Amino acid sequence: MNEKIALFTIFGGTGDLAKRKLYPSLFRLYRKGNLAEHFAVIGTARRDWSDDHYREIVRDTIKDLNPTTEEAEAFSSHFYYQSHNVNDSEHYDTLKKLSDTLNDKYKLGGNHIYYLAMAPQFFGTIVQHLKSQEILTDNGFDRLVIEKPFGSDYDSAYQLNEEIRAVFPEKDIFRIDHYLGKEMIQNISAIRFANNIFESQWNNRYIDNVQITFAESLGVEDRGGYYEHSGALKDMVQNHILQVVALLAMEPPVAFSEAEIRAEKVKALQAIRLYSEKEALENFVRGQYGHGKLEEQEFVSYREEPNVDEHSQTETFVAGKFLIDNFRWSGVPFYIRTGKRLTEKGTRINIVFKQVPVNVFKDDIDKCGEKTDLPPNVLTIYIQPTEGFSMTLNGKEIGQGFTTTPVKLDYRHSAETTGNSPEAYEKLLLDSLNGDGTNFSHWDEVAQSWRIVDIIRHAWDKTSVEFPNYAAGSMGPDAAFDLLARDNFTWDWQPDIWYRERGKLE
Ligand code: NAD
């Protein structure tokens, strides 16, 4: 196995992200040999922890991966804790000393990854100190991994980017969008570019519309404080959903490399029509969940959740229509939808193909005496929690006469395959060790996404909607259905009952 050599400094080392995602992912890399002897981790946060206590916490976070005692001990021995207030310059000097010591001890060649697993208001301060306190060196590499959200609108993102770019060149900045580490998001490119049957039809001559649904069944839970300032538009659309739109809409890259893919994604984002505020109001709808019931369970409304204003105007649901003004996509709506407390958890893409030019079966009568309508062919990509794809076709119903019937070819990865596949964070950490930025967001993508989203936000901030406007457990407000009905389309999404009944949508 190709061993990677680096020192990780994790700012926010006592936080939820570090414990739930980063330490288990580092352990998986360790177990696979991607990390072996020549790595060390410094966890920093305000709390006053000893190395021993920190190592105990780290071991606790990997319990579910069933390490042997020796494995857990050996892995956690690479972890060091440094109490640190990010605003205090002196603390960076202590950090530098520890970095230098570990660099020598583990022979790390000056390779350094700084992971900012902290609230975004600290990002600028930390990078400035990394430079001013001369923690960055000319030996090895210095890479910055940065969590979302990257700004709260175009202006703040631009400001933050300027601060970071004053210290790190773009090639060393790895802006995490963990969806880009997901197996099936990466599979979008395989489906498109490894199957002529699809790529030859991937355009406005054959595709009627594209539907992207990021549904959550959970409510806002204990994240009310954060969510009140974010809302679904900024939390989901600006980053994850627009990244998926870009991957679906981009032109085939000339090579499957970071530079080529990035260039095509940026072009796709730039082709998304920038609406006027009036058009934004016509093409985007927002919702907020009221109380509701799903499978015998009662749920409170968003406004009754902890740390949420009782008159909150924050949206927990967004549906909208993007138009892409280029030769490939002109006239094909990309409908997107995301929300909390929806019928079930699931991220899915439906590619809805155009009907055959003439329906020669239009006079056929089905069993109920109705004329048969041909449903469209639909390619569905299941991103999570099940992973796979399906294709609906029309076949002939067995028996006398000639009645067509939809047939679904459905392929999902087994639970075992999914369970054994690398976690998004594991892949992204390995990519950052390899210096491969393909699955991270480039500034040009972030900037264009904010330009698109800011218009919608500004339009919404000037108007109000009667909230709540959808019941917990439903698929959102009526307006989200009207949006497609206006264009004579319907959401193709159907609940995944078979999987839900077997508890596979957790
Ligand atoms: P958290 O509140 O659990 O952890 C924050 C960490 O920052 C703690 O270790 C805390 O001690 C440290 N900290 C706060 N102020 C400090 C200061 N002045 N000096 C030094 N340390 C300080 O937050 P989290 O959930 O781990 O999220 C961290 C980042 O990751 C945020 O940007 C968040 O948006 C992002 N993120 C988190 C998740 C997740 O699953 N938790 C998912 C996606 C993105």
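Q: What makes Lys-345 and Glu-506 contacts of Pro-385?
A: In this predicted model, contact means heavy atoms within 4.5 Å. Leaving aside neighbours within four places in sequence, Pro-385 is in contact with Lys-345, Gly-346, Lys-504, Leu-505 and Glu-506.

Q: Where is Pro-385 placed?
A: Pro-385 sits in the loop between β15 (378-384) and β16 (388-396). Its C-alpha atom is 9.9 Å from that of Ala-415, which is 30 residues away along the chain.

Q: Why is α9 called oblique to α14?
A: Helix α9 (residues 224-249) and helix α14 (residues 443-461) pack at an angle of about 140°. Angles over 145 degrees count as roughly antiparallel, and 65 to 115 as roughly perpendicular. The angle of about 140° falls in neither range, so α9 is oblique to α14. The axes of the two helices are 10 Å apart, and the crossing of α9 and α14 is right-handed.

Q: Which residues of α9 and α14 meet?
A: Among them are Leu-233, Val-237 and Leu-242 in α9, and Trp-450, Ile-456 and Trp-460 in α14. The residues of this contact divide into nine nonpolar, three polar and three charged.

Q: How do you know that Thr-14 makes a polar contact with the ligand?
A: A polar contact is a pair of N or O atoms within 3.5 Å. A polar side-chain atom of Thr-14 lies 2.6 Å from an oxygen atom of the ligand, so the pair qualifies.

Q: What makes the pairs at Gly-15 and Arg-20 polar contacts?
A: The cut-off is again 3.5 Å. A polar backbone atom of Gly-15 is 3.1 Å from an oxygen atom of the ligand. For a polar side-chain atom of Arg-20, the distance to a ligand oxygen atom is 2.5 Å.

Note on methods. Residues are numbered from 1 along each chain as its sequence is written. This is a predicted model: local features need pLDDT of at least 70, side-chain atom pairs count only at pLDDT 80 or more; totals for chains, interfaces and linings use all residues. Side-chain values use heavy atoms; hydrogens and water are left out. Axes are lines fitted to C-alpha atoms, for helices over the stretch in contact, and angles run from 0 to 180 degrees between N-to-C directions. Helices (H or I, at least four residues) and strands (E, at least two) are DSSP runs, numbered from the N terminus. Angles under 35 degrees count as roughly parallel, over 145 as roughly antiparallel, 65 to 115 as roughly perpendicular and the rest as oblique. A crossing is left-handed if the near helix is turned anticlockwise from the far one by less than a right angle, and right-handed if clockwise. Ala, Val, Leu, Ile, Met, Phe, Trp, Tyr, Cys and Pro count as nonpolar, Asp, Glu, Lys and Arg as charged, and the others, Gly among them, as polar. A polar contact is a pair of N or O atoms within 3.5 Å; within protein, one must be able to donate a hydrogen and the other to accept it, and residues adjacent in sequence count only if both atoms are side-chain atoms.
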